[in-house]
Amino acid sequence: MKITHYQKLRGEITVPGDKSISHRSIMLGSLAKGTTEVTGFLQGADCLSSISCFEKMGITIENNVKTGTVRIHGKGLHGLTKPSDILDVGNSGTTTRLMSGILAAQPFTATIDGDASIRKRPMGRIITPLSMMGARFESLAADQCAPFKITGGRLKGIAYTSPVASAQVKSAILLAGLYADGETSITEPFLSRNHTELMLKAFGTDVRSNGTTATVRPASELTAQQISVPGDISSAAYFIAAGLITPNSEITIKNVGINPTRDGILTVCKAMGANIQISNIKDGIGEPAGDITVSTSELHGCTIEGDIIPKLIDEIPIIAVMAAYAKGTTIIKDAQELKVKESNRIDVMVKNLSAMGADIEGTEDGMIIHGGRPLHGAVIDSKLDHRIAMSFTIAGGNSDGETEITGSECVNISYPAFYNDINLLMR
Ligand code: S3P
């Protein structure tokens, strides 16, 4: 994809449904008795991987791509059947780790595999606690990476202290905990996104949160639900940034999920001096949503560290782009998790922003950006990481000359209509 400088971005936009909530709706819908109907489902490749994996385990899922409505005919907690084929998770870490929590308790063996990026991502973080609960893993690759086999069985509840703040790890343990013989709890260093806890509660299970500890009791049945998925704040983030850094711009992004465990980008924008307003706030199964309006702003640098990091972990690439356009220095710390995302996002941001003329250095756990240098177009290798491709589209649209993003079709992972939506705002 080639991008040239855009003059201004104006208008209203609706971003696709939240990726995390869409994945969870397929998984809990499959384990519930009855039909779960999901509106606003994200039709991105990652969530489609979750659908195809549960279909392979005997669940009927009707996906109306046009309306974005998905109907999952759940078969109850014990209704999954042994897949006759490998469970292909594509590029999706969420499918891999959450589904592993469910597979840990099934009376069969299944094999999980995915693309080249998935095969590099750390799975020891779920293999360790799920093995403690009683599941058996056989990694078919080095370093506990995919592909791996899981043989489920009777599970016992554990009280686990996780070394990482990760909703995927937390969710895997909580989902396994539905089947364990006693209470299961997980404590993380900082609170990560709580969509699993909220949705488990909505499906009628006994799940409680206390600070950074989440606890689940074994469930006898999950009840099918109606789920309305709000827009994904991680997708909205590209338009938030674009509206702030592009001259003469004003953008409203409608119905965006603003769960407090996901809204770190809003806090950071305010700290950087952004013109940003939230209106029409609505509550849906504990998942609030609102309209976000941004307009061109003089941004300044800030320090981002500590417990806010899990609340904006996927937004750090686009925050780094905003920081390159801001006055002064932005310091991002405590974000070593960036190294094990779809790509090593510290290295990829440093390499690509430097190629555009930005003053950025990578650190062990983040990056330091001295903003305010004019950026110029460059050839950007997205490393097939959707968040990198979208972040550099916004950077390219605000720099001199042409930017070429290689592998930009990877936006299909979380936002298939991304380039179309940017074009709508340019008119
Ligand atoms: C997600 C959790 C986060 C996030 C990912 C989606 C989820 O990953 O980066 O895009 O849906 O639970 P970690 O749990 O690895 O932090």
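Where is Arg 193 found? Hello everyone, let's start there. Arg 193 is in the loop between strand E11, residues 184-187, and helix H6, residues 195-202. One thing to keep in mind as we go: this is a predicted model.

Despite its place in a loop, Arg 193 counts as buried, because its relative accessibility is 10% and the cut-off for buried is under 20%. Its side chain makes a polar contact of 3.4 Å with the side chain of Asp 314. Arg 193 and Asp 314 both belong to the set of residues around the ligand, and that takes us to the binding site.

So, which residues surround the ligand? Besides Arg 193 and Asp 314, the set includes Lys 19, Ser 20, Arg 24, Thr 94, Arg 97, Ser 166, Ala 167 and Gln 168. Ile 313 and Lys 341 complete the list.

Let me pick out some distances. The side chain of Arg 24 has an N or O atom 2.6 Å from a ligand oxygen. For Ser 166, the side-chain distance to an oxygen of the ligand is 2.7 Å. Asp 314, the partner of Arg 193 a moment ago, has a side-chain N or O atom 2.6 Å from an oxygen of the ligand. Taken alone, the ligand exposes 380 Å², and the protein buries 95% of that. The space that the ligand takes is the largest pocket.

Which elements give two or more residues to the shell around the ligand? They are helix H1 (19-31), helix H3 (93-103) and helix H5 (167-177). The largest share, 3 residues, comes from H1.

Please have a look at H5 on the screen. Of its 11 residues, 11 are buried, among them Ala 167 and Gln 168, which are also in the ligand's surroundings. At the start of H5, a side-chain oxygen of Ser 166 comes to within 3.2 Å of the backbone nitrogen of Gln 168. Ser 166 is thus worth a second look, as its side chain also has an N or O atom 2.7 Å from a ligand oxygen.

Now for the cysteines. How many disulfides does the structure hold? The count is 0. For Cys 53, the nearest cysteine sulfur is that of Cys 47, 12 Å away. For Cys 145, the nearest is the sulfur of Cys 53, at 18 Å. Cys 53 is buried, at 0% relative accessibility, and Cys 145 is buried too, at 8%.

Next, some loops. Between strand E8 (136-139) and strand E9 (148-151) we find Pro 147, and the peptide bond leading to Pro 147 from Ala 146 is cis, with omega near 0°. Asp 143 lies in the loop between E8 and E9 as well. Its phi is near 55°, a positive value in a residue other than glycine. Is Asp 143 buried or exposed? Asp 143 counts as exposed, because its relative accessibility is 68%.

Lys 383 also has a phi near 55°. It sits in the loop between strand E22 (379-381) and helix H11 (386-397), and is partly exposed, with a relative accessible area of 47%.

Last stop: Asp 85, in the loop between strand E5 (69-75) and strand E6 (87-88). It is partly exposed, at 44%. Asp 85 and Lys 56 are 29 residues apart in sequence, while their C-alpha atoms are 7.4 Å apart in space.

Thanks for listening, and I'm happy to go back to any of these views.

Notes:
Residues are numbered from 1 along each chain as its sequence is written. This is a predicted model: local features need pLDDT of at least 70, side-chain atom pairs count only at pLDDT 80 or more; totals for chains, interfaces and linings use all residues. Side-chain values use heavy atoms; hydrogens and water are left out. A disulfide is a pair of cysteine sulfur atoms within 2.5 Å. Buried means under 20% relative accessible area, exposed over 50%, partly exposed in between (1.4 Å probe, protein chains only). A residue is near a molecule or strand if one of its heavy atoms lies within 4 Å of it. A polar contact is a pair of N or O atoms within 3.5 Å; within protein, one must be able to donate a hydrogen and the other to accept it, and residues adjacent in sequence count only if both atoms are side-chain atoms. Accessible areas come from the Shrake-Rupley method with a 1.4 Å probe; for residues, only the protein chains shown count as cover. On a 1 Å grid over the protein atoms alone, a cavity is a set of points where a 1.4 Å probe fits but cannot get out, and a pocket is an open set with protein on both sides within 12 Å along at least five of seven lines; lining residues have an atom within 4 Å of a point. A molecule sits in a cavity or pocket if more than half of its atoms lie within 2 Å of its grid points. Helices (H or I, at least four residues) and strands (E, at least two) are DSSP runs, numbered from the N terminus.
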